[in-house]
Amino acid sequence: FELLQVTNQSDCFWLGQLKSMEWELIDDAEPAAGIELYYFDGEQCRDGIARDVRIQLFCDPDAGVGKPLDYYVLEEDCHYSITWPSKYGCPIEGGWSLMSYIYWALILFGLYVGAGCAFNVTQRGATLGPDAMPNSEFWQDVSGRAANALDGARGSMAGAMNSQKTSYESVDNL
């Protein structure tokens with residue numbers, strides 16, 4: 001993929017390549033303003049300067065794909081800029097992050113424990129405390145297995161640390 005400049009004389013020059021592209025927000029303080037794509041390492045022009053182009057995709061949800069407003073505005077020799085309002089400059093809404101999964105898992109677990117304790121106390125006559133926990137035998141078994149696994153890992157680490165060399169050897173010619 002290349003960005004090309006076609007002159008009035010039908011000369012064609014590449015301005016930059018996809019493999020040499022960077023992007024950033026147009027305004028760090030206002031991410032919804034849009035993004036800026038910068039393509040560099042284009043074809044050389046006078047004095048051996050490589051062409052480059054900066055495309056500013058301003059957020060305009062009603063523009064659809066949109067079209068460039070300012071075509072190849074020459075900032076300096078061999079450096080070009082394009083202003084382009086487009087829906088593709090807008091942030092994408094939604095999506096689940098790891099934190100949202102953890103948040104909802106904790107909420108659901110809290111509901112499970114709360115409803116289970118309430119049921120065990122009111123319907124089964126359990127006393128409020130560890131015995132009221134729903135499926136308490138299962139959770140005691142899980143916590144016991146986890147504790148054993150941690151003890152085993154701690155013992156393995158201690159053994160590995162004790163078996164390491166405690167002295168250093170000199171290395172010549174460094």
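This is a short talk on the strands, disulfides, helices and aromatic rings of one structure.

Hi everyone, and thanks for coming. One thing to keep in mind as we go: what you have in front of you is a predicted model.

Let's begin with the strands. Please find strand β6, residues 79-86. Is this strand enclosed by the rest of the structure, or open? Seven of its eight residues are buried, so β6 is largely enclosed by the rest of the structure. Its partner is strand β4, residues 52-59, and the two run in the parallel sense, joined over eight bridges. If you would like one place to look along that pairing, take R54, whose bridge partner in β6 is S81. R54 has another neighbour to show you: this arginine lies over the face of Y38, 4.2 Å from the ring centre.

Now to the cysteines. As a reminder, a disulfide is a covalent bond between the sulfur atoms of two cysteines. How many disulfides does the structure hold? There are two.

The pair I'll take to start with is C45 and C78, with sulfur atoms 1.4 Å apart. The angle about the S-S bond is 125°, and the link of C45 and C78 is right-handed. Where do the two cysteines sit along the chain? C45 is in the loop between β3 (34-41) and β4, while C78 is in the loop between β5 (70-76) and β6. That puts them 33 residues apart, so this is a link between distant parts of the chain. Both C45 and C78 are buried.

The other pair is C59 and C90, and here the sulfur atoms are 2.1 Å apart. The torsion about their S-S bond is about 100°, so this disulfide is right-handed. It, too, links distant parts of the chain: C59 belongs to strand β4, and C90 to the loop between β6 and α1, 31 residues away. Are these two cysteines buried or exposed? C59 counts as partly exposed, at 27% relative accessibility. C90 has a relative accessible area of 17%, and with the cut-off for buried at under 20%, C90 is buried.

Counting the bonded cysteines along the chain, the disulfides follow the pattern 1-3, 2-4. Two more cysteines deserve a mention. C12 is partly exposed, with 42% relative accessibility, and C117 is buried, at 16%.

C117 brings us to helix α1, where G116, C117 and N120 are buried. What span should we expect for this helix? At 1.5 Å a residue, its 26 residues should cover 38 Å, and the C-alpha atoms at its ends are 37 Å apart, which agrees. After α1 comes G125, a glycine with a positive phi, near 75°.

On to helix α2, where you will find S136. At 11% relative accessibility, S136 counts as buried. Leaving aside residues up to four places away in sequence, this serine touches P130 and D131.

Last topic: the aromatic rings. How many aromatic pairs does the structure hold? The count is six. One of them is Y103 with W104, with ring centres 5.3 Å apart. Why is this pair edge-to-face? The planes meet at 80°, and the cut-off for edge-to-face is over 60 degrees, so Y103 and W104 qualify. Y103 is partly exposed, at 48% relative accessible area, and W104 is partly exposed as well, at 42%.

Another edge-to-face pair is F109 with W139, at 5.5 Å from centre to centre and 80° between the planes. This pair connects distant parts of the chain, with F109 in helix α1 (residues 98-123) and W139 in helix α2 (residues 136-163), 30 residues apart. Both rings belong to partly exposed residues: F109 has 38% relative accessibility, and W139 has 28%. Which residues make up the cluster around them? F109, Y112, F138 and W139 form one aromatic cluster.

To recap, then: β6 is largely enclosed and pairs with β4 in the parallel sense, two disulfides link distant parts of the chain, and an aromatic pair links α1 with α2. Thanks for listening!

Notes
Residues numbered from 1 in each chain as written. Predicted model: local features only at pLDDT ≥ 70, side-chain atom pairs only at ≥ 80, totals over all residues. Heavy atoms only, no water. Phe/Tyr/Trp six-rings, centres within 6.5 Å; stacked < 30°, edge-to-face > 60°. Buried < 20%, exposed > 50% of the residue type's maximum accessible area, 1.4 Å probe, protein only. Helix = DSSP H or I, 4+ residues; strand = E, 2+ residues; numbered from the N terminus. Lys NZ or Arg CZ within 6 Å of the ring centre and 35° of its normal. Contact = heavy atoms within 4.5 Å. Pairing = 2+ DSSP bridges. Disulfide = S-S within 2.5 Å. Expected span 1.5 Å × (residues − 1).
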